[in-house]
Each structure stands twice: as structure tokens, then as C-alpha cells.
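Have the sequence and the 3D view side by side while you read. The text goes from the whole chain to the sheet, then to the helices, and ends with two single residues.

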Amino acid sequence: MMISVAHLARFSAPARLARIGVMVAMTALVAACASNSTTDPNAAGLGGANTPGSVAEFQSASVGDRVFFDTDSSEINAQGQAILERQASWLNRYTRYSFTLEGHADERGTREYNFALGARRAEAVKNYLVARGISSARIRTMSYGKERPVATCDDISCWSQNRRVQTVLSGG
């Protein structure tokens with residue numbers, strides 16, 4: 001909305017001030033809305049699960065960001081291979097992302113043993129993805145051992161959720 005100085009001159013001083021105040025407020029509101037793009041999930045690559053190339057799509061069931069392991073094992077089972085095939089396909093399509101493979105273990109075993117097991121799991125996933133064309137330069141591995149459980153109870157239902165490698169995207 002454009003108002004010229006000549007147009008404002010037709011109004012009394014108080015009316016001019018009121019109109020100028022309204023214009024300033026509207027301009028500030030428009031500017032605030034325009035600069036609020038950081039809350040737009042698509043602008044940050046977060047998007048919804050239906051947004052191609054978004055973090056949410058990667059984390060959704062259509063790709064999957066976690067591979068689970070058997071007790072005391074770093075061998076990737078058939079279910080894990082299926083998830084990693086989807087990850088490899090997605091990561092080859094969206095090369096702007098680098099990522100960290102976080103190895104985890106359940107609460108049983110010593111701290112040292114679980115750190116080593118988490119590292120072996122992360123390395124196994126890395127090797128699988130590299131064999132499917134993902135550049136090793138995009139991949140970082142890290143082990144948390146048993147330090148970051150997603151479920152806490154003294155039962156197989158929790159332990160099985162904690163024996164995992166989680167792929168965490170960055171960049172994009």
C-alpha cells in the first residue's frame with residue numbers, strides 16, 4: 001500500500017500521525033513475517049515426512065534412521081540390511097547431507113565393552129553404506145556405548161531398543 005506525501009497532506013495533523021503509525025506498524029509486521037523463515041521447517045531441510053529430501057523423510061518409516069542389532073553382535077541382520085539399502089538410496093540421492101553414525105549398546109556389560117561394541121556397530125554400518133556408494137568423507141562414526149539409552153528398564157523390550165546405530169543427518 002503506497003501513500004504519497006501529497007495524499008497525507010489532505011488530513012489533519014493527528015490523522016496524518018495516525019495513518020503514519022498504521023503504515024509503520026504494517027511495515028514492521030510484514031518485515032517480521034518475511035524474516036521468520038527460520039521457523040519454516042522446509043527452509044531448514046526438516047520438512048514433513050512427505051517432503052522429499054527432508055530430515056523428516058529420512059527419519060520416517062519410508063527410509064528409517066535406526067538399525068537394530070542382536071545381543072553382543074555387530075553383524076547387520078536382514079532387517080538392518082533392508083533399512084540400510086533405503087538409507088543408501090536416499091543418501092545417494094541427497095548428497096548435500098553429511099551424517100554421524102552413532103553406535104549404542106544396552107545396559108548390560110561393562111562401560112568399556114559397550115563403548116567398543118557401539119564402535120564396532122557404527123563401523124559395520126559405515127562399511128555397508130560405503131559399499132553402496134556413499135562417500136566415506138560424508139560419514140563420521142561415534143560410540144556412546146550404554147550412555148544414551150532410548151528406553152530404560154531391566155527387560156529385553158528396552159535392551160532391544162538400545163542396541164542400535166542411529167544415523168543423524170547434518171548439513172543440507
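Of the 172 residues in the protein chain, 35% are buried. The model is a predicted one, and every value here was computed from it. Under the cut-off used, a residue is buried when its relative accessible area is under 20%. Another way to look at the whole chain is through its contacts. Among contacts in the protein chain with a separation of 6 or more, 68% are between residues 24 or more positions apart.

The secondary structure of the chain consists of six helices and four strands. Along the sequence they follow the pattern α-α-α-β-α-β-α-β-α-β.

Now turn to the strands. In what order do the four strands lie in the sheet? The order is β1-β4-β2-β3, the sheet is open, and the pairing is mixed. At the edges stand β1 and β3 (139-145). Each of these two edge strands has a single partner strand, so one of its sides has no neighbour in the sheet. From one strand to the next, the twist averages 20 degrees.

The pairs can be followed across the sheet, starting from β1. β1 and β4 are antiparallel and share three bridges. Within this pair, Arg-66 is found opposite Gln-166 of β4. The next pair is formed by β4 (residues 164-171) and β2 (residues 97-104), which are joined in the antiparallel sense over seven bridges. Several residues of this pair can be located in the view. Thr-100 faces Val-168 in β4, Leu-101 faces Thr-167 in β4, and Glu-102 has Gln-166 of β4 as its bridge partner. Gln-166 thus appears in both pairs, opposite Arg-66 and as the bridge partner of Glu-102.

Which way do β2 and β3 run, parallel or antiparallel? These two strands run parallel, and six bridges join them. Thr-100 comes up again here, since it stands opposite Arg-140 in β3. Thr-100 therefore has a residue opposite it in β3, Arg-140, as well as one in β4, Val-168. As for how covered β2 is, seven of its eight residues are buried.

Next come two helices that touch the sheet. Helix α4 packs on the sheet and touches β1, β2 and β4. The direction of α4 makes about 160 degrees with that of β1. Helix α5 lies across β2, β3 and β4 and runs at about 155 degrees to β3. Both β2 and β4 are on the list for α4 and on the list for α5.

How do the two helices meet? The axes of α4 (residues 78-93) and α5 (residues 111-131) come within 10 Å and cross at roughly 55 degrees. That angle makes α4 oblique to α5. The crossing is right-handed. On the α4 side, the contact is made by Gln-81, Leu-84, Glu-85, Gln-87, Ala-88 and Leu-91, and on the α5 side by Val-125, Tyr-128 and Leu-129. Sorted by class, the residues of this contact are six nonpolar, two polar and one charged.

Two single residues close the tour. Asn-114 lies in helix α5. Is Asn-114 buried or exposed? Its relative accessibility is 1%, so Asn-114 counts as buried. Leaving out residues up to four places away in sequence, Asn-114 touches Ala-105, Asp-106, Glu-107, Arg-108, Gly-109, Ser-143, Gly-145 and Lys-146. One of these, Gly-145, is 31 residues apart from Asn-114 along the chain, and the C-alpha atoms of the two are separated by 4.4 Å.

The other residue is Asp-72, which sits in the loop between β1 (66-68) and α4. With a relative accessibility of 53%, Asp-72 counts as exposed, because exposed means over 50%. The phi angle of Asp-72 is near 55 degrees, which is a positive value in a residue other than glycine.

Technical notes
Residues are numbered from 1 along each chain as its sequence is written. This is a predicted model: local features need pLDDT of at least 70, side-chain atom pairs count only at pLDDT 80 or more; totals for chains, interfaces and linings use all residues. Side-chain values use heavy atoms; hydrogens and water are left out. Axes are lines fitted to C-alpha atoms, for helices over the stretch in contact, and angles run from 0 to 180 degrees between N-to-C directions. Angles under 35 degrees count as roughly parallel, over 145 as roughly antiparallel, 65 to 115 as roughly perpendicular and the rest as oblique. A crossing is left-handed if the near helix is turned anticlockwise from the far one by less than a right angle, and right-handed if clockwise. Contact means heavy atoms within 4.5 Å. Ala, Val, Leu, Ile, Met, Phe, Trp, Tyr, Cys and Pro count as nonpolar, Asp, Glu, Lys and Arg as charged, and the others, Gly among them, as polar. Buried means under 20% relative accessible area, exposed over 50%, partly exposed in between (1.4 Å probe, protein chains only). Two strands pair if DSSP finds at least two bridges between them.
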